[in-house]
Structures are given as C-alpha cells and as structure tokens.
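Hi everyone, thanks for making the time this morning. I'd like to walk you through one structure, so let me put it on the screen.

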Amino acid sequence: MRILLGVSGGVAAYKAVLLLRLLREQGHQVRVVPTASALRFVGAPTFEALSGEKVSTEVFDDVPQVAHVALGQGADLVIVAPATADLLARAAAGRADDLLTSTLLTVSCPVVMAPAMHTEMWQHPATVANVATLRSRGVHVIEPASGRLTGKDSGPGRLPEPEDIARVALEVAARGVAPVAAQDLSGLRVVVSAGGTREPIDPVRFIGNLSSGRQGIALACAAQDRGADVTLVGANLTEPVGDVADVVRVGSTAELREAMRSLAPEADVLVMTAAVADFRPARTPSSKIKKVPGQGPAPIELVENPDILAELARERERPGQVVVGFAAETGDDTGDVWHHGRAKARRKGADLLVINPVGHGKGFGTDTNEVVIVDAEGETVASAQGSKREVADAVWDTVLKVRPPIAPTTD
Ligand code: C5P
C-alpha cells in the first residue's frame, strides 16, 4: 500500500519514526510529509533514511511535479501522526499553507489522524469543534490515549502506540473511505457495550473473562461510520477504541448495568456485546485476603448478577427500541452451540441474539467471527462470517430489517 505519513510538530513526532519503521517492515511504501515544525523535533534525514523517499515540507519544494496533487492522488491511505491542535485546526479550516495541508485537500483515499497534545488543548472547545468538523467529513480521528504527557502532567492527549495507530489505520483503509459508507443509521442513537466485566474479590483480585472488546468496538465504529450517534460502554477494554468519540468506561457488572440503564431511555438500539460475569463475590473485603500458612484457600461465596440484557429487554420504554444480545456459546453433551443459542434467545427476550461459537481459537481476541443471528423466538434471521467489522455491518443490516419504521429521534 502507498501510505502518506503526515507528521506535525509535537514532541510525539519521535513516535512517527517508529510508526514509519513499522509500516515499512509490513511492506508498505511510505512517503513522509512533515510540517516545518515537525522537523524541529525530528530531522528530515531520519525520515528519508527510513522511508527511502525524499522529504519535503513546502509546496514550493518540488514545483514541476506539483507535489501536493501528485502525492494526494498517489496515496492509498493518509496517516497524520501526531496531529497537533494546530494541524487539526488548519485541516478543519481547509487551509493550504504547507505541503501537508495542501495535500490533505487533494486526497480521495481514507485519512486517519492521531492527535497528540496536552489535555487542556484536546478538551478546548476549539479543538473539539475542529475534530467534529473533520469527522463529519469522513476523517478518522483516533481518540488519544490517556497517560503521561510531555511534562509531569498526565491525562487524555497522549499519542497512541505506533502499533495501535497502524492497526486502526490499516483497518480503516481496508474498509474504504467513510463518506462512501451508506448513512443508513443516521438519526439513530445507539449504545453498544463491549469488553468483559471484572467482579472484585478484594482490592487487588477479580473474577474476569477473556473478552477483548474487539467485536463491540467494531459494532460501535460501524454504527458511527453509518451515521448513528454512538455511545460505547467499555468494560475493561484491552483494545483501542478506534475513532469512537463517546466512550463510557466501566469495570464491574454493577457499573455496566448502571451505565446501560441510564443511557437506555434515550437509545433507539441497545447492543449488549459485553461479556458479563454471571456471578460476583458476595462480599468484597476492603483489605487484601491473606494466605494463612497451613490453611487451605478460603471459599469465595458467589451471588448471581442481574441479567442486564434481559432487564433492558423487559423494562424498555422507548417506542421501537431494538435490543440486541450476544451469546458466546460452546456445545456440550446436551446440545450444540446453535441449540443452546436458540434456547437463550427465547429466555432473554431480546429482539435479536447474535450467536457465536467460542473456544478453540474462535471468538475471543481473534480478528474474525462467525455468527448466526436469531430473533426472540430463536428463528434464524441472518448469518455472517468474516472480520469483526464485517460481522458488525451484518448485525446493523439485520437491525434495520427488524426495526419498526418509526420517525428517527430529533432530540
Ligand atoms: O447468558 P449469557 O451470558 O450467555 O448471555 C449473553 C448475553 O447476555 C450478552 O448479550 C451479555 O451481554 C448479556 N448478559 C447480561 N447480563 C448478564 C449476563 C449476560 O446482560 N448478567
């Protein structure tokens, strides 16, 4: 793939070097277009040596080639990392005052921007508005990571790790330019839960599960690309949330339940992708449980968690609301995966249940999925196989088929 790597002037520009190296190792052709201030952090020879290509910052550098047009037309993917507050502002305003911003106006391929700046700058209304403008035009703006910033401060604003930027960007490139995606979920408010809950045993231990959150994140990204207003409720996500803008982070089942119940009254579609613990310790001592030499392990008494999906389905108030559940299943002596899944659909009362087989390398933490979607009676309404994004799109297609034709929300 021909990748144009834009680098703007922030301390995190040093990570662009690692990203460049990674993309080259993966066999991509990379042309680096830094801004003039990026070159105050990392020298052009570094980018030239690692990319094997010429580096220029100004439209006047290569006039006979009309570089900004040639670069824009020749790229399959543009990644801007780091994207500073200034770069976001210039791109949002459509400025063309250097080679990078001029090129951004000529590209027709997917564009992924990975911002990095101090928390105050990221949260400033000007930056928030610029990011919203860029997203509305189909630019994929990755949420910055939280953590240590340049000085002693920490908070949201850190450039995500090069591996994460590369993965999200290549996924975006694989699915094509966002504006081309049908905006068939536009006007719908959707809430997707993802990840796996952790039930505290004591202040340092928990009962958890292997869910990475990848399928739920794919559902949220797909819905956002298709025009929905999305909130992702993430329980202990081990995967980056891509360009999903609104993320509520939770830990335990109780926190997940509270978040879902407070968002449910406004939601047109609720999707429970999260792997929720069925049981939690009855008591959570405030200090660490000690190992007493000579004594065996103390038993942990468990109590049942409420079934959030069944509760949301049962107690829904919003007219036309669609509730979707996921059932990670394995077969056993009493029936196969699909038999158990269909029985669960009838029990839970959701409108749709997406059944997927797990274990033996399937489902959890993998890139692909294979699902059968059944209705509340357990009748098959669709099936899908492929990347988690493809499965996500199939779920949304099915939601649109079962959703009663009511006027979309206007609030
Ligand atoms: O019963 P099982 O855990 O297999 O059901 C899976 C579905 O139910 C998922 O959609 C999951 O998010 C949801 N669930 C829930 N609350 C629970 C257990 C599961 O919402 N306590």
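Let's begin at Val-128, which is in contact with Trp-122 and Gln-123 once its neighbours within four places in sequence are set aside. Please keep in mind that this is a predicted model. Val-128 sits in helix H7, which covers residues 125–136. So is Val-128 buried or exposed? Neither, in fact: its relative accessible area is 47%, and because buried means under 20% and exposed over 50%, Val-128 counts as partly exposed. If you'd like a distance to go with that, take Ala-89: the C-alpha atoms of Val-128 and Ala-89 are 10.0 Å apart, with their positions 39 residues apart in sequence.

Now let me zoom out. The domain assignment splits the chain into domain 1, residues 2–175, and domain 2, residues 189–402. Taken over C-alpha atoms, the centres of the two domains are 34 Å apart. How many residues are in contact across the two domains? On the domain 1 side there are 9, and they meet 10 residues of domain 2.

Next, the interior. In soluble globular proteins, nonpolar side chains tend to be buried together. Here, the largest nonpolar core has 35 residues, and the members touching the most others are Val-190, Leu-232, Val-324, Val-395 and Trp-396. Helix H9, residues 214–225, supplies the largest share of this core, with 7 residues. There is also a second, separate core of 33 residues, and Leu-19, Val-30, Val-112 and Ala-166 are among them.

Trp-396 deserves a closer look. Not counting residues up to four places away in sequence, Trp-396 touches Leu-185, Val-190, Val-192, Leu-219, Ala-222, Ala-223, Arg-226, Val-269 and Val-271.

Finally, the part I suspect you've been waiting for: the ligand. There are 13 residues around the ligand, and Met-272, Ala-274, Leu-309, Phe-326 and Lys-344 come nearest. Which atoms of Lys-344 and the ligand pair up? An N or O atom in the side chain of Lys-344 is 2.3 Å from an oxygen atom of the ligand. From the backbone, an N or O atom of Phe-326 lies 2.9 Å from an oxygen atom of the ligand. Pro-306 also takes part through its backbone, with an N or O atom 2.9 Å from a nitrogen atom of the ligand. As for cover, the ligand on its own has 440 Å² of accessible area, and the protein covers 89% of that.

That's my tour, and I'm happy to take questions.

Conventions
Residues numbered from 1 in each chain as written. Predicted model: local features only at pLDDT ≥ 70, side-chain atom pairs only at ≥ 80, totals over all residues. Heavy atoms only, no water. Core = buried A, V, L, I, M, F, W, Y, C linked by side-chain atoms within 4.5 Å. Buried < 20%, exposed > 50% of the residue type's maximum accessible area, 1.4 Å probe, protein only. Helix = DSSP H or I, 4+ residues; strand = E, 2+ residues; numbered from the N terminus. Contact = heavy atoms within 4.5 Å. Near = heavy atom within 4 Å. Polar contact = N/O pair within 3.5 Å; in protein donor to acceptor, adjacent residues only side chain to side chain. Areas by Shrake-Rupley, 256 points an atom, 1.4 Å probe, with all protein chains shown as cover. Domains from an automatic or database assignment.
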